[in-house]
Amino acid sequence: MDRPKTFFNWSSGKDAAMALHSIQEEKSLAVELLLTTINVKYDRVSMHGLHRSILEEQARAIEIPLEVLELDESPSMEDYHHLMTEKLTALKARGYTHTVFGDIFLEDLRNYRETMLAQMGIKAIFPLWKKDSKRLLLDFIDNGFKAIVICCNAELLPKSFCGRLIDHDFLNDLPKNVDPCGENGEFHTFCFDGPIFKKPVYFSKGKIIYRTYPAPQSEEGAMQQEYGFWYCDLALEN
C-alpha cells in the first residue's frame with residue numbers, strides 16, 4: 001500500500017526533529033519534502049534566526065529535499081496567507097496530500113493550520129500533540145538528539161541560555177515559568193544530530209546579539225513595549 005505523499009513544515013529545531021522521527025518510526029507517511037519559511041531580508045529561518053546556508057546543510061544531512069517560502073521581515077497576515085496559499089496549491093498539484101507539524105499544545109495555532117489546509121484538501125498531522133513537554137525533552141536527549149539554543153525571549157531567559165546545548169542540565173536550569181520545550185516561544189533551537197540524521201551538521205558558535213521587535217497594538221491601540229530576543233549566530237565549519 002502506497003504511503004501518502006507528505007511534506008513537513010520544518011522549523012530546523014528540536015520539536016520538528018522529534019515529530020519527523022516519530023513519523024519515520026511509524027512508517028505511515030512518506031515525508032518527501034521539508035518546507036521552511038525564510039526571512040528574505042536576513043536570509044534566515046523565520047523566528048529562529050538560523051542562516052539559510054546552515055538550514056540547507058541540515059536538510060542534506062537528513063537527506064530530505066528542502067524548499068523555502070520567502071517572506072518579508074514582517075509580513076501581514078494577508079500577505080502570509082496569500083503566499084502560503086500559492087505554495088500549498090503548487091504542492092497539492094505535485095501530489096502532496098498530507099503535512100506534518102511539530103506543535104504540542106497551542107490550540108489556536110492548530111485550528112488555524114487545520115482550517116487553512118482543509119480548504120486546500122491537505123490533511124495536517126501533529127505527532128507530538130498533547131504529549132508532556134518535559135517527557136518529550138527527556139526522550140529527545142535520551143534518544144541521542146543534539147540541539148543548541150539559538151534564540152530566546154529576553155523577558156523570560158537571560159543571555160546565558162542562548163548558545164547552550166539541550167541536555168539534562170539545561171532542563172534543570174529552566175525557570176519554572178518556561179515550558180520545557182519552549183512551546184510558548186520562550187526559546188528556539190537548531191537540531192544538528194540524532195536518529196533522523198545520516199551525518200551530523202558541524203558548525204561553530206558566533207556572537208550572541210540582542211534584537212528588539214515592536215509589540216502588536218493592544219485593543220486600545222496603544223503600543224506596548226518592544227519584544228527583546230537573544231540570538232546566537234552559527235557558522236558552518238569546513
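**Exercise 1.** In which strand does Asp-193 lie? Then decide whether Asp-193 is buried, exposed or partly exposed, and find its contacts farther along the chain.

*Solution.* Keep in mind that this is a predicted model.
- Step 1: Asp-193 belongs to strand 8.
- Step 2: Its relative accessible area is 23%. Buried means under 20% and exposed over 50%, so Asp-193 counts as partly exposed.
- Step 3: Skipping neighbours within four places in sequence, Asp-193 contacts Gly-144, Phe-145, Lys-146 and Pro-200.
- Step 4: Look at Gly-144 once more: it sits 49 residues from Asp-193 along the chain, with 7.8 Å between the two C-alpha atoms.

**Exercise 2.** Stay in strand 8 and turn to Thr-189. Is Thr-189 buried or exposed, and which backbone atom does its side chain reach?

*Solution.*
- Step 1: With a relative accessible area of 3%, Thr-189 is buried.
- Step 2: The Thr-189 side chain reaches the backbone nitrogen of Lys-14, at 2.9 Å.
- Step 3: Beyond four places in sequence, Thr-189 touches several residues, including Ser-12, Gly-13, His-48, Val-149 and Ile-166.

**Exercise 3.** Now explore the largest nonpolar core: which residues touch the most other members, and which element gives the most to it?

*Solution.*
- Step 1: This core has 55 residues, and those touching the most other members are Phe-8, Trp-10, Phe-140, Ile-166, Phe-187, Phe-190 and Leu-234.
- Step 2: Elements giving two or more residues include helix 1 (14-26), strand 2 (30-39) and strand 8 (187-193).
- Step 3: Helix 1 contributes the most, with 6 residues.
- Step 4: Apart from this core lies another, of 18 residues, with Leu-71 and Phe-126 among them.

Key. Residues numbered from 1 in each chain as written. Predicted model: local features only at pLDDT ≥ 70, side-chain atom pairs only at ≥ 80, totals over all residues. Heavy atoms only, no water. Core = buried A, V, L, I, M, F, W, Y, C linked by side-chain atoms within 4.5 Å. Buried < 20%, exposed > 50% of the residue type's maximum accessible area, 1.4 Å probe, protein only. Helix = DSSP H or I, 4+ residues; strand = E, 2+ residues; numbered from the N terminus. Contact = heavy atoms within 4.5 Å. Polar contact = N/O pair within 3.5 Å; in protein donor to acceptor, adjacent residues only side chain to side chain.
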